[in-house]
Amino acid sequence: MRSVKPRKFDKSVYLSVGVALVGVALTLGPILYLVLGGFKTQGDLAENPTGFPNPFQWQNYWTILSEPLFWRQLLNSTVVALATTFGVVLFGTMAAYPLARYKFRGREFFFVVFTTGLMFPLTVAVLPLYLLLRDMGISGLWGLVIPQIAFGLPVTIIILRPFLKALPMELEEAAAMDGVSRVGFFWRMLLPLAKPGMVTVGVLAFIGSWNAYLLPLLLLTGDPTGMTLPLGVTTFQGQHSSATTMIMAYTSLAMIPALVFFLFMERRIVDGLTGAVKG
Amino acid sequence: MTALETSGVGQGSAVDANASAAGPRPVTPVTNHKRRDNIRKWGEITLFVGPALVLFLTFVVYPVISAARYSFYKWNGVSQFSDAEFIGFENYARALFGGTDPDLKQAFTTQYSQPFWEALGHNFAIIGLSMAVQLPLALLIALTLNRKFPGRPSVRVIMFAPYVLSEVIAGVMWLIIFDPNGIATDFMHSIGLNPPAGGWLEDQTWAFWVVFFIITWKYIGLAIILFLAGLSGVPEDLQEAASIDGASWWQVQWRINIPLIGPTIRIWAFLSLIGSIQLFDMVWVLNQGGTTGQYSTIATYMMQIGFFRSDWGYGSAIAVIMFFISFAVAVAYMLVVLRNDNTDRIRKAR
């Protein structure tokens, strides 16, 4: 007869912790190196690459933060990301509503039209898109926002449609009994109920816009004050190629908003990604 | 009928909607009321779906179709497109085998065809390596972390963080680390090895591996987080029952956990495939694919040719080829993997 084993996994917790520590070190190590590098002088970085900054100087960060360039780019990125998120969520939810809850011929067809968008990545369309925007006279930050909304719609509609479908159909009937029109139902009942789904797609759209590089690379040439942060970072890097510690400081600063946003939204992001993946 | 006419876009289909909603239509005066409701309904549908549809067709579908059109022309993107010269499939022929002109074939093979195949080769190498290296690594990490231990939530968050960072920030960061005079070089010296002589990203053998390492650092967090999410859905009693029956840790993973998160793994594989084909931002930040294109991808190649060398016709042909590869991969995935999933389900149902 077999005796009941003591829980055999107990000791192997050390293995898990070990793997976790290695993973965390490999993830944070480079980031820490970057952030600390921003506090070093150029000579200190060369002599003492891994150590703590000596002398510890705020100069690099201060120089960047006391000039308007970084703040302008931060503002540009924020405006573009917010506008993109707003547009994606608004138009995406509006489109998903009839596709989920109306009965009409052609409904599936329209849905399929939007899903084909998943097969058209921005990379494939970017050259003609650039020309289209140029011909339409759309430039600057709007040139980013509008296409980003358009490219964000397919995934939004795909995530939101099942979400809206799952809300009980009795809601509409009850609303109709109270004399609320379908449009009124959308604004007054559906939007509040769809909030979790909208937050999920909104967070994904925000991150996508915040990190976008390809479109800004084509559209926002020239004046650095008109750039978003990612393009600003590469431009700064190109202009200060000899001042490595300055680049490190600039990149570290550009990293902060994304990391803060991520820390607050971690649950949402993960849910959004796993949800989007499960379809 | 005036009401129908004012409904604009919905006009043609309004009748359809009527037919489908009402089924075999009874010929009674009631239809008048129904019809009015139908017009309203189509008006609402237009109002709700319209903006999204217009945006989508204008800024997604139209550019893609334009890319297909440009790909048949020789055009520099500056002159009027109406003046561009129609050259049929020549752009595609140049990319694939150096073009159809026998006099220029040799020159075009080195100029167009070789870099194209090289870039495409890198994409496929990244696909292969993702499956051979990232997948087992992420799976192993997820399986080890799939248990309670102090600090686990923070570990999860930290390991996922690189995925949320922008490619540009991660790219610039690694560019500094792998600078020929940077910390990676120092590290190699300190353990008594020689770093690649021409620099990490220029060395013909090292460069690609360094880039793959950076890509892995950036993207493996997604795989880990997806697998962990999948594993949290595996009922604990299954694992407990198996270990009480004497199954080792490995057996539990191999026989229970991994098969049960199969669908998650397959979906990650799909995302990774598509992502690898369209890989651009990171590689572009890392010196635009390398001075001799030693780790170029098809997307960076497209940008270099199309935008920066103003060969829009050829660049568009590359874009179309990229689309067809993604499309083929998606279809193949649906056919092979989803059919397996479905037969699994059928087998389970029996």
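Among the contacts in chain B of this predicted model that link residues at least 6 apart in sequence, 60% join residues at least 24 apart. The chain holds 350 residues, of which 39% count as buried. Its secondary structure consists of 15 helices and two strands.

Chain A may be read in the same terms. Of its contacts with a separation of 6 or more, 76% are between residues 24 or more positions apart. Buried residues account for 42% of the 279 residues of chain A. This chain has 13 helices and zero strands, and its elements accordingly run α-α-α-α-α-α-α-α-α-α-α-α-α from the N terminus on.

The overall dimensions of chain A can be set against a simple reference. The radius of gyration of chain A is 24 Å, whereas a compact globule of 279 residues would have a value near 19 Å. Along the principal axes, the C-alpha atoms of chain A fill a box of roughly 80 × 75 × 35 Å.

Within chain A, helix α12 illustrates how burial is distributed along one element. This helix spans residues 229–239 and is mostly covered, with eight of its eleven residues buried. The buried set begins with A:Leu229, A:Pro230, A:Leu231, A:Gly232, A:Val233 and A:Thr234, and it also includes A:Phe236 and A:Gln237.

The two chains meet in a contact that takes 77 residues from chain A and 71 residues from chain B. On the side of chain A that touches chain B, helix α13 (residues 244–278) gives the most, with 15 residues. Classified by residue type, that side of chain A has 57 nonpolar, 15 polar and five charged residues.

One helix pair shows the meeting of the chains in detail. Two packed helices are described by the angle between their axes and the distance between the axes. Helix α1 of chain A (residues 13–37) and helix α6 of chain B (residues 152–164) pack at an angle of about 35°, and their axes are 9 Å apart. The crossing of α1(A) and α6(B) is left-handed. From α1(A), the contact is made by A:Ala20, A:Gly23, A:Val24, A:Thr27 and A:Leu28; α6(B) contributes B:Val155, B:Ile158, B:Met159, B:Ala161 and B:Pro162. Which classes of residue make up this contact of α1(A) with α6(B)? The contact has eight nonpolar and two polar residues, and no charged residues. The polar residues are A:Gly23 and A:Thr27, because Gly is counted among the polar residues in this classification.

Methods
Residues numbered from 1 in each chain as written. Chains lettered and ligands numbered in written order. Predicted model: local features only at pLDDT ≥ 70, side-chain atom pairs only at ≥ 80, totals over all residues. Buried ≥ 20, exposed ≤ 12 C-beta atoms within 10 Å, placed from the backbone. Helix = DSSP H or I, 4+ residues; strand = E, 2+ residues; numbered from the N terminus. Axes fitted to C-alpha atoms, helices over the stretch in contact; angles between N-to-C directions. Left-handed = near helix turned anticlockwise from the far one by under 90°. Contact = placed C-beta atoms within 7 Å. Rg over C-alpha atoms; globule rule 2.2 N^0.38 Å.
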